[in-house]
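Here's a quick briefing to read with the model open beside you. Have a look at the fold first, then work through the points below.

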Amino acid sequence: MASKNSSSIKKEDTYDALRDKGYSKEKSARIANAQANDHQAPSRKGGKAAPYEAWTRDALYERAQELDISGRSSMNKSDLIEALRG
């Protein structure tokens with residue numbers, strides 16, 4: 001549980017709940033402090049990208065290239081999806 005003397009945690013109840021869910025100390029502190037700040041609006045999940053199945057093979061290939069997945073040039077669309085998820 002968060003120390004009551006800790007000035008770096010702005011919303012200790014939120015911090016404690018996040019730690020109980022398994023979040024790291026750093027991430028819990030960042031989220032708790034952001035929720036305490038009226039100018040920030042953190043969410044539980046990131047952006048919503050289309051599922052890989054909706055991507056073109058070329059787009060999947062480019063993503064695999066960014067991640068330096070070996071053997072990508074000989075992969076079809078389903079192989080690329082599997083490699084990106086793996």
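A word on terms before the details: a residue is called exposed when its relative accessible area is over 50%, buried when it is under 20%, and partly exposed in between. Keep in mind that this is a predicted model. The protein comes to four helices and zero strands, so there's a plain α-α-α-α pattern to follow along the sequence.

**Overall picture**

- Of the protein's 86 residues, 24% count as buried.
- About 6,500 Å² is exposed, and carbon and sulfur atoms supply 46% of that area.
- Take the contacts with a separation of 6 or more: residues 24 or more positions apart account for 19% of them.

**The nonpolar core**

- Eight residues make up the largest nonpolar core: Tyr-52, Leu-60, Ala-64, Ile-69, Met-75, Leu-80, Ile-81 and Leu-84.
- Two elements, α3 and α4, each give two or more residues to this core, and α4 gives the most, with three.
- Met-75, one of the core residues, is in contact with Arg-57, Ile-69, Ser-70, Leu-80 and Ala-83, leaving aside its neighbours within four places in sequence.

**Helix α4 and its buried face**

- The buried residues of α4 are Leu-80, Ile-81 and Leu-84.
- Seen down the axis of α4, these buried residues fall within an arc of 100°, so they line one face of the helix.
- Part of what covers them is α3.
- As a reminder, an α-helix has 3.6 residues a turn, so residues three or four places apart point the same way.

**Arg-72 and its partner**

- Arg-72 sits in the loop between α3 (57-66) and α4 (77-85).
- Is Arg-72 buried or exposed? Its relative accessibility is 17%, so Arg-72 counts as buried.
- Leaving aside neighbours within four places in sequence, the contacts of Arg-72 are Arg-57, Tyr-61, Ala-64, Gln-65 and Leu-80.
- Ala-64 and Leu-80 on that list are also members of the largest nonpolar core.
- The side chain of Arg-72 meets that of Asp-68 in a salt bridge, at 3.9 Å from N to O.
- Asp-68 has a relative accessible area of 61%, so this residue is exposed, whereas Arg-72 is buried.

**Other salt bridges**

- The count comes to four salt bridges, and two more of them are worth a look here, starting with Glu-53 and Arg-85.
- In the Glu-53 to Arg-85 pair, the closest N and O atoms are 3.0 Å apart.
- Glu-53 lies in the loop between α2 (25-36) and α3, while Arg-85 is in helix α4, so the pair ties together parts that are 32 residues apart in sequence.
- Glu-53 itself is partly exposed, because its relative accessibility is 44%.
- Glu-66 forms a salt bridge with Arg-63, with the closest N and O atoms 2.9 Å apart.
- What separates Glu-66 and Arg-63 along the helix? They are three residues apart in α3, so the separation is about one helical turn.
- Glu-66 counts as exposed at 58% relative accessibility, and Arg-63 as partly exposed at 30%.
- In general, side chains of opposite charge can pair when their charged atoms come close.

Conventions:
Residues numbered from 1 in each chain as written. Predicted model: local features only at pLDDT ≥ 70, side-chain atom pairs only at ≥ 80, totals over all residues. Heavy atoms only, no water. Buried < 20%, exposed > 50% of the residue type's maximum accessible area, 1.4 Å probe, protein only. Contact = heavy atoms within 4.5 Å. Core = buried A, V, L, I, M, F, W, Y, C linked by side-chain atoms within 4.5 Å. Areas by Shrake-Rupley, 256 points an atom, 1.4 Å probe, with all protein chains shown as cover. Arc of directions from axis to C-beta.
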